[in-house]
Amino acid sequence: MSSFVGVLVSDPWLQSQFTQVELRTLKSRFLSIRTQSGRVTVGDLPALFVKLKAFSEMFTEDEIKAVLEESCKDMDEEIDFESFLRAHLNLQARATTKSGGSKNSSSFLKATTTTFQHTINVSEKSSYVAHINSYLAEDPYMKKYLPIDPSSNALFDLAKDGVLLCKLINVAVPGTIDERAINTKGVLNPWERNENHTLCLNSAKAIGCTVVNIGTQDLVEARPHLVLGLISQIIKIQLLADLNLKKTPQLVELVDDSKDVEELMGLPPEKVLLKWMNFHLKKAGYEKQVTNFSSDVKDGEAYAYLLNALAPEHSGPAALDTRDPAERANMVLEHAEKLDCKRYLTPKDIVEGSPNLNLAFVAQIFQHRNGLTVDSKKMSFAEMMTDDAQTSREERCFRLWINSLGTATYVNNVFEDVRNGWVLLEVLDKVSEGSVNWKQATKPPIKMPFRKVENCNQVIKIGKELNFSLVNVAGNDIVQGNKKLILAYLWQLMRFSMLQLLKNLRSHSQGKEITDADILLWANNKVKKAGRTSQMESFKDKNLSNGIFFLELLSSVEPRVVNWSLVTKGETDEDKKLNATYIISVARKLGCSIFLLPEDIIEVNQKMILILTASIMYWSLLQPAGESDSTPDTPNESNENETGLAGEISNLAINDSASDTVGSPEDGNEQSPHKSENDEPSDNVENEQS
């Protein structure tokens with residue numbers, strides 16, 4: 001595996017203001033200008049900065065120029081990279097002031113990967129430490145390091161090897177990481193630490209965390225604001241896990257009809273929690289509406305009413321009678337403790353309106369006493385609204401993939417959130433830059449239905465331009481929430497994105513388009529070259545269910561990544577599950593960003609199998625020559641000395657028949673052609689007309 005080389009800045013303070021991901025992005029933009037013009041001047045910056053997401057909605061190009069002129073009168077003055085970073089920070093500070101506040105504090109409500117000031121909230125840190133001490137106290141590996149002292153930096157020191165964060169992810173969503181894939185020996189070398197952090201970040205994305213601006217080096221250095229930001233997201237996901245109809249169908253009691261149920265399904269869990277809280281407060285006679293977890297709960301009255309309604313046996317009028325908010329907050333926490341709610345906050349946190357800790361507190365109350373009844377008629381209706389297992393898995397996969405792209409809109413429910421077309425336009429702009437005509441798009445909230453149709457019509461138009469199969473499909477089908485068509489469109493979009501990544505790598509060889517059959521051929525050749533016997537007939541090959549082929553493929557691209565003593569023969573369902581879980585964690589540990597579940601491998605879900613194989617291929621081709629491979633893929637004498645990216649790309653280009661035939665190695669070097677099942681479109685999006 002290749003070692004990580006970060007972007008280094010001579011000024012330590014300046015370096016500390018950016019994550020490695022941000023530094024690499026900005027360095028790339030800086031070098032791009034210098035390559036084109038030979039040098040970078042102050043006058044070049046306004047046109048560059050106005051295109052950056054952080055500034056595009058805050059400033060015009062002229063406004064950026066005016067800010068720069070305040071500190072530099074000569075716009076033709078040449079600047080170096082560090083001066084470029086200082087100009088960026090200066091503009092960031094202006095953006096913060098202009099928006100009316102800082103975006104730096106770690107938050108349950110939104111991922112924090114920005115770099116303004118980076119203050120650490122001591123109460124939040126103490127709360128997260130208490131959470132870790134509680135939930136990992138009995139972990140065989142972690143218990144020797146616990147309890148962590150919240151007043152020290154022990155949390156950040158412990159996070160440096162990656163084990164803590166991996167364990168915390170498994171607490172939030174059990175089974176996400178196969179713990180056999182975590183490197184847990186006493187002293188880890190840099191490779192092993194990097195593997196743990198790579199596994200952590202890819203797994204965090206796979207449970208819904210936003211980590212677009214966090215790199216492995218940031219975690220190796222244990223940057224406090226980034227570590228706490230990631231921990232806060234992981235804990236949020238754990239605490240809000242039950243706030244959906246699938247886990248808690250009783251939530252249907254909060255709404256009156258089917259239209260409201262659809263709206264409820266599309267709400268983010270924080271909003272569902274507020275809706276639940278207001279539902280009980282209204283019944284208890286509380287006249288105000290709680291709209292946030294900060295100013296609206298500062299006086300503690302809402303909590304007193306809520307606990308009186310949910311647990312009258314533990315509460316009483318005393319909390320409402322007192323006039324001192326701090327005293328009331330203390331009484332509220334005492335009542336909550338009688339329900340076994342963990343102390344995520346102090347009376348001071350309530351009075352000061354800490355949004356993150358108040359959210360955690362309300363989520364704890366919901367987990368222990370939601371106060372919802374079991375109405376059999378409504379419950380059966382809620383169960384009808386939930387999707388079958390296959391549809392649910394695909395929705396999850398596409399939702400997590402979209403959120404991993406770093407789009408401005410966070411998707412909570414694919415089927416509801418894509419219906420106005422805006423999210424799909426954002427995704428299209430990410431995977432095919434410049435394809436969207438934003439002048440013809442309408443940003444939410446959208447009141448006029450025809451504007452949603454216009455957005456979705458553009459989505460279909462772009463899909464056809466990208467050669468998606470869209471037979472008899474119109475934008476209105478997306479607006480109407482046709483699940484089959486939405487899933488089929490998203491599958492083609494995800495597949496297009498993966499093939500584009502591979503094509504961009506392959507552009508060095510000026511070869512033809514990458515096809516599904518190319519990926520299949522590459523994987524089979526890779527495994528054969530490593531001296532293994534497994535082969536994949538197609539992405540629907542039922543023999544893949546035991547997982548052996550993918551473990552051999554992973555081992556062939558990085559020999560030391562698979563611990564074969566942990567691999568089963570995959571003969572029983574239990575053994576298949578063990579192998580499938582291990583495959584996913586090993587692939588993420590390697591660096592693959594994948595969102596499939598073990599069931600997708602066991603059941604040989606053709607779509608997910610293709611994406612898994614393509615992701616491994618993409619990682620392999622990214623490696624420098626000689627890092628993960630030292631021999632070419634195919635037995636061709638003209639390629640004996642080609643290694644790494646260039647060699648693998650050339651080898652694929654040589655196999656011009658790859659898109660028509662799939663090699664199935666026999667004894668010796670000959671390959672017998674088999675018709676690829678991927679030659680025929682497997683996922684036509686066809687709207688069935690009655």
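Here are some exercises on a predicted model of a protein chain, each with a worked solution.

**Exercise 1. Getting an overview**

Find out how many helices and strands the protein chain has, and what share of its residues count as buried.

*Solution.* Start with the secondary structure: the protein chain has 32 helices and four strands. Next, turn to burial. The chain has 690 residues, and 53% of them count as buried. Finally, look at how contacts link the sequence. Among contacts between residues at least 6 apart in sequence, 63% join residues at least 24 apart.

**Exercise 2. How confident is the prediction?**

Work out which element of the protein chain has the lowest mean pLDDT and which has the highest.

*Solution.* Begin with the whole chain: its average pLDDT is 83, and 82% of the residues score at least 70. Then go element by element. The lowest mean, 33, belongs to strand β2 (residues 661-665), while helix α9 (residues 163-172) has the highest, 98. Now check two stretches of the chain. Residues 1-5 have a pLDDT below 50, and this stretch has 18 contacts in the model beyond near neighbours in sequence. Residues 101-117 also have a pLDDT below 50. Beyond near neighbours in sequence, that stretch has 55 contacts in the model.

**Exercise 3. A histidine and its neighbours**

Decide whether histidine 197 is buried or exposed, then describe its surroundings.

*Solution.* First, place the residue: histidine 197 sits in helix α10, which spans residues 190-205. Second, judge its burial. Its relative accessibility is 0%, and buried means under 20%, so histidine 197 counts as buried. Third, follow the side chain. It reaches the backbone oxygen of lysine 160 at 2.7 Å. Last, list the contacts. Leaving aside residues up to four places away in sequence, histidine 197 touches Ala159, Lys160, Asp161, Gly162, Thr216, Leu219 and Val220.

**Exercise 4. An asparagine in a helix**

Compare the sequence separation of asparagine 308 and leucine 281 with their distance in space.

*Solution.* Locate asparagine 308 in helix α15 (residues 301-310). Along the sequence, asparagine 308 and leucine 281 are 27 residues apart. In space, their C-alpha atoms are 9.6 Å apart. Then look at accessibility: asparagine 308 counts as partly exposed because its relative accessibility is 21%. To finish, find its contacts. Not counting residues up to four places away in sequence, asparagine 308 touches Ser315, Gly316 and Leu320.

**Exercise 5. Empty space inside and open pockets**

Describe the lining of the largest cavity, then that of the second largest pocket.

*Solution.* Take the cavities first. The structure holds four of 30 Å³ or more, and the largest has about 40 Å³ of space. Its lining is made up of Cys397, Met494, Ile594, Phe595, Leu596, Met608, Ile611 and Leu612. Helix α31 (residues 606-622) gives the most to this lining, with three residues. Sorted by class, the lining has eight nonpolar residues, no polar ones and no charged ones.

Now move to the second largest pocket, with about 790 Å³ of space. It is lined by 19 residues, and the closest to its centre are Glu416, Asp417, Arg419, Asn420 and Lys452. Elements that give two or more residues are α13 (258-266), α22 (414-417), α23 (422-431) and α24 (449-465). Of these, α13 has the largest share, with four residues. By class, the pocket lining has eight nonpolar, four polar and seven charged residues.

**Exercise 6. Why is α23 largely enclosed?**

Explain why helix α23 is described as largely enclosed by the rest of the structure.

*Solution.* Count the buried residues: eight of the 10 in α23 are buried, so the helix is largely enclosed by the rest of the structure. Then name them: Trp422, Val423, Leu424, Leu425, Glu426, Val427, Leu428 and Val431.

**Exercise 7. Unusual backbone geometry**

Describe two cis peptide bonds and two positive phi angles.

*Solution.* Keep the general rule in mind: most peptide bonds are trans, and most residues other than glycine have a negative phi.

- Leucine 146 and proline 147 are joined by a cis peptide bond, with omega about 0 degrees. Proline 147 is in the loop between α7 (122-135) and α8 (154-159).
- Proline 444 to proline 445 is also a cis bond, with omega near 0 degrees. Proline 445 lies in the loop between α23 and α24.
- Alanine 222 has a positive phi of about 55 degrees. It is in the loop between α11 (216-220) and α12 (224-239), and it is buried, with a relative accessible area of 4%.
- Asparagine 467 has a positive phi of about 70 degrees. It is in the loop between α24 and β1 (470-471), and it counts as exposed at 69% relative accessibility.

Key:
Residues numbered from 1 in each chain as written. Predicted model: local features only at pLDDT ≥ 70, side-chain atom pairs only at ≥ 80, totals over all residues. Heavy atoms only, no water. Buried < 20%, exposed > 50% of the residue type's maximum accessible area, 1.4 Å probe, protein only. Polar contact = N/O pair within 3.5 Å; in protein donor to acceptor, adjacent residues only side chain to side chain. Contact = heavy atoms within 4.5 Å. 1 Å grid on protein atoms, 1.4 Å probe; cavity = no way out; pocket = protein on both sides within 12 Å on 5 of 7 lines; lining within 4 Å. Points joined across faces, edges and corners; volume = space filled by probe spheres on them. Nonpolar A, V, L, I, M, F, W, Y, C, P; charged D, E, K, R; others polar. pLDDT = per-residue confidence, 0-100.
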